[in-house]
Structures are given as C-alpha cells and as structure tokens.
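Dear colleague,

I am handing over the structure we spoke about, and my notes on it come after the view. Please read the two side by side.

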Amino acid sequence: MLELRRVTKAFAGVPAIDAVDLTIHDDEYLTLLGPSGSGKSTLLRLIAGLEVCDSGTISLDGEDITYSPTHLRNLGFVQQSYGLFPHMNVFDNVAFGLRHRTHNPIEDSSEVDRRVKAMLDLVGLSELGQRMVGQLSGGQKQRVSLARTLVTEPKVCLLDEPLGALDANLRERMTVELRKIREALGVTFMHVTGNEDEALAMGDRMIVLDHGRLLQVAPPDMVYREPDNVAVARFVNAYNILEGRVSDGAFLQDDARLPAAGAPDGKGYYAIRHDAATIHHGSEPPEGAVALPATFVTEEFLGSRFFYFLRLDDGTVFEVERHLSREDPIHLEAGTRCMVSWDPRNALHFGADGNRIGAPAMKGAA
Ligand SMILES: Nc1ncnc2c1ncn2[C@@H]1O[C@H](COP(=O)(O)OP(=O)(O)OP(=O)(O)O)[C@@H](O)[C@H]1O
C-alpha cells in the first residue's frame with residue numbers, strides 16, 4: 001500500500017501539489033485525470049523520487065520513502081518518451097532492467113533469457129526480441145518500455161501518459177492490453193492521462209486533480225454520474241453546465257425557473273448530462289420535464305451515437321447525445337427553433353464554491 005499524507009510541492013512559491021492525501025491499494029488500476037498544468041506529472045515524480053516534497057510524507061508498505069533515492073523505492077516509472085536505449089535491441093533493453101535492478105539483480109543468463117522472453121510474450125513482442133528499437137512503431141516502443149519496467153517486478157508501476165503518443169486505433173487496443181497485463185501480474189498501476197475517456201475506461205478508481213488538489217477519488221462510474229465538484233463535471237466532458245443564481249429553491253435560467261430544491265440561495269451551477277436531455281421539434285416535452293427553448297446549431301455522427309449542438313437563448317451551448325440503438329436520428333436545419341428537456345431528477349446542483357450540493361466531504365485517503 002502506497003500512502004501520501006499532506007504531500008506538498010511548490011515551484012517558485014506556487015504550489016504544484018497542495019496537501020495531497022491519497023492511499024493507493026495493492027493490485028489496483030488507478031487513473032489520474034487533470035487538465036494541463038494541474039500537477040499530474042509532479043505527483044508521479046514525487047512518488048517516484050524524481051522530485052522532493054516540501055512537506056508531507058510518502059510511505060510504501062509502512063516504510064517511509066519520502067526521502068529515499070529513486071532506485072531504492074521499488075517503483076517502476078514508464079515515461080511518455082519511452083526512455084529506451086537506441087543502440088540496443090528489444091531483448092537487451094528489457095534485459096537491462098533485470099540485470100541492473102537494485103533489488104536482487106539477475107546475472108544468470110539463462111534466467112535472464114527466461115524472464116525477458118516471458119515478459120516479451122506478455123506484452124505481445126515475442127517475435128521482435130532482436131529488432132533494434134529504432135525500427136519499432138510507437139506502440140511497440142511503448143510495450144518495450146512497459147516490459148523493461150515490469151520485468152523489475154516493481155510494487156507500483158507509474159505510467160505518465162503511456163498512450164499519449166499513439167494513434168486512436170492503437171490507443172484503444174493498448175487500453176485493453178494494459179488492463180490485461182496489469183491483471184496478469186497483479187501489480188498496481190497509476191496511470192496519468194489528460195484524456196477523460198481513457199481515465200473512465202481504464203481505472204478501478206479514478207483520481208481527479210486540479211491546481212494541485214484532489215477533487216475526487218472514486219470509481220469511474222461514480223465520477224461520471226456523481227461528480228463531487230463542477231470542475232470534475234467539466235473534465236469528464238459529459239455535462240451541460242449552466243452558471244447562474246439560485247433563489248427560493250429555483251435555479252434562474254433566463255426567464256425560466258428550474259427546480260433546485262436544497263440548493264442554497266446565491267451563485268450556483270446546474271448540470272445535466274448530455275445523454276439525459278432530449279430535443280423536441282414538433283412534439284411536446286413530457287409532463288414533469290424541465291424544458292427550455294433552444295436553437296439548433298449542428299450535429300456530429302459518431303458511429304452508434306449522435307451529438308447535437310444547440311444554443312440556449314442566453315447563448316449557452318447545449319449538447320444532446322442520443323444512441324441509435326434507442327431512437328432514430330433527427331435531422332434539423334441550422335437555426336431551427338426547438339425545445340430541450342430533461343427529467344429534473346437527473347440534474348445536479350453545485351454551490352458557489354463548486355462543490356456538489358449533497359456530495360460527501362472529499363475523502364482523498366479513502
Ligand atoms: N521543474 C519545474 N519548475 C518550475 N515549475 C514547474 C516545474 N515542473 C512543473 N512546474 C509547474 O508545476 C505545475 C504542474 O506541472 P505538471 O507538469 O505537474 O502538470 P501536468 O498536469 O502534468 O501538466 P501536463 O498535462 O501539461 O503535462 C505547472 O504550473 C508547471 O508549470
């Protein structure tokens with residue numbers, strides 16, 4: 001178990017990581033999502049020992065490693081740039097990690113041979129052991145980099161944007177493979193990404209970071225359905241977020257009063273998921289639904305889904321996502337007036353501080 005307590009790191013007086021509490025369990029896949037500059041790489045580098053905390057502690061299985069040198073931490077670090085030796089072939093790149101690891105380096109060449117081959121097999125590179133790394137594709141280099149780290153049997157493997165350099169197809173394949181590799185080895189993965197789909201798809205738990213602070217640590221479906229903070233709702237990129245005021249249990253949107261029982265008076269945010277809203281053109285919104293007038297802008301077709309983009313009368317862009325399996329697509333001319341509606345029970349309310357009304361207090365150490 002890896003534990004961070006009040007870990008803080010500032011650069012030139014500006015906090016990059018701010019009093020972070022986090023417990024990472026054995027044998028789990030954690031994804032770390034945050035916008036550029038939120039402190040994702042800094043957090044990994046602090047855990048890896050490539051940066052030193054200003055304050056706070058980091059421990060691994062009860063041992064304080066806050067100030068331990070990187071090579072004594074028994075952690076693996078897979079960087080986006082791969083960090084491979086270009087003058088070595090694939091086999092030797094992976095063997096290097098094994099021969100030179102700090103804990104129990106392996107010198108017996110038949111044992112090195114056996115372990116490297118098993119690892120190349122696991123990452124799907126058994127045919128390419130003799131290939132020089134300069135002759136590999138991006139995805140293959142990424143696998144070598146992963147194999148070279150995993151062969152050292154780290155307790156926790158830190159991955160900094162491991163799929164960042166791959167094209168969309170390969171990214172999708174590697175998403176599945178990374179999970180399989182992790183499960184086969186039972187090692188903990190902490191995977192940093194700026195891509196919300198990747199974070200949602202891969203992690204057993206997901207950490208959302210912003211301005212060096214943890215906004216939410218929860219299973220991906222919880223983060224998606226019940227974001228604790230309006231910033232989290234923005235990062236998962238699945239919500240229409242209206243910004244305005246609450247008065248007497250209603251969120252004021254232009255001339256409309258949207259039910260917001262329980263939300264305190266004052267500034268607030270109202271969020272409804274793209275897939276929880278419906279467009280009406282020539283039909284009436286169902287009884288009990290919240291409905292607002294809108295102007296159709298454009299549509300985007302994504303295989304099994306349609307995204308419709310509209311504009312509310314105050315200028316807010318409003319997105320509606322529909323699945324072809326559930327209904328036929330609608331085709332409207334740009335500029336067509338219509339209504340958007342949703343069940344008010346599906347709406348989320350956030351206070352002036354951005355926190356969701358009714359959300360539990362942040363439990364980073366959970
Ligand atoms: N060595 C450094 N010296 C000064 N400032 C730094 C240093 N490393 C990071 N920072 C600053 O700390 C903040 C967090 O940076 P970090 O690289 O951790 O963010 P990130 O979330 O990984 O971003 P990205 O997704 O763009 O890689 C940023 O404001 C960055 O400019």
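The notes below go from the domains to the cores, the ligand and one buried residue.

This is a predicted model, in which local features need pLDDT of at least 70 and side-chain atom pairs count only at pLDDT 80 or more, while totals for chains, interfaces and linings use all residues. Residues are numbered from 1 along each chain as its sequence is written, and side-chain values use heavy atoms, with hydrogens and water left out.

The domain assignment, which is automatic or taken from a database, gives domain 1 (2–226) and domain 2 (238–350), and their C-alpha centres lie 39 Å apart. An unreviewed UniProt entry carries the annotation "domain: ABC transporter" for residues 2–236; such annotations may be inferred rather than shown by experiment. That span is 36% helix and 26% strand, where helices (H or I, at least four residues) and strands (E, at least two) are DSSP runs numbered from the N terminus.

The largest nonpolar core (buried Ala, Val, Leu, Ile, Met, Phe, Trp, Tyr and Cys residues joined through side-chain atoms within 4.5 Å) has 35 residues, and those with the most contacts inside it are Val 116, Leu 146, Leu 150 and Phe 189. Helix H2 (90–99), helix H3 (109–122), helix H4 (138–150), strand S7 (156–160) and helix H5 (168–185) each supply at least two residues of this core, with H2 giving the most, at five residues. Leaving aside residues up to four places away in sequence, Val 116 touches Phe 91, Val 94, Ala 95 and Leu 98, a contact being heavy atoms within 4.5 Å. A second, separate core of 28 residues includes Ile 24, Cys 53, Val 156 and Val 217.

Around the ligand (a heavy atom within 4 Å) are residues including Phe 11, Ala 16, Lys 40, Thr 42 and Glu 161. An oxygen atom of the ligand is 2.8 Å from a polar backbone atom of Gly 37, and side-chain N or O atoms lie 2.8 Å from a ligand oxygen for Lys 40 and 2.5 Å for Thr 42.

Finally, Asn 240 is found in strand S11 (residues 239–247) and is buried, with a relative accessible area of 3%; buried means under 20% relative accessible area, with a 1.4 Å probe and protein chains only. The Asn 240 side chain reaches the backbone nitrogen of Glu 319 at 2.7 Å. Beyond four places in sequence, Asn 240 touches residues including Tyr 270, His 274 and Phe 318.

With best wishes

Terms used:
Buried < 20%, exposed > 50% of the residue type's maximum accessible area, 1.4 Å probe, protein only. Polar contact = N/O pair within 3.5 Å; in protein donor to acceptor, adjacent residues only side chain to side chain.
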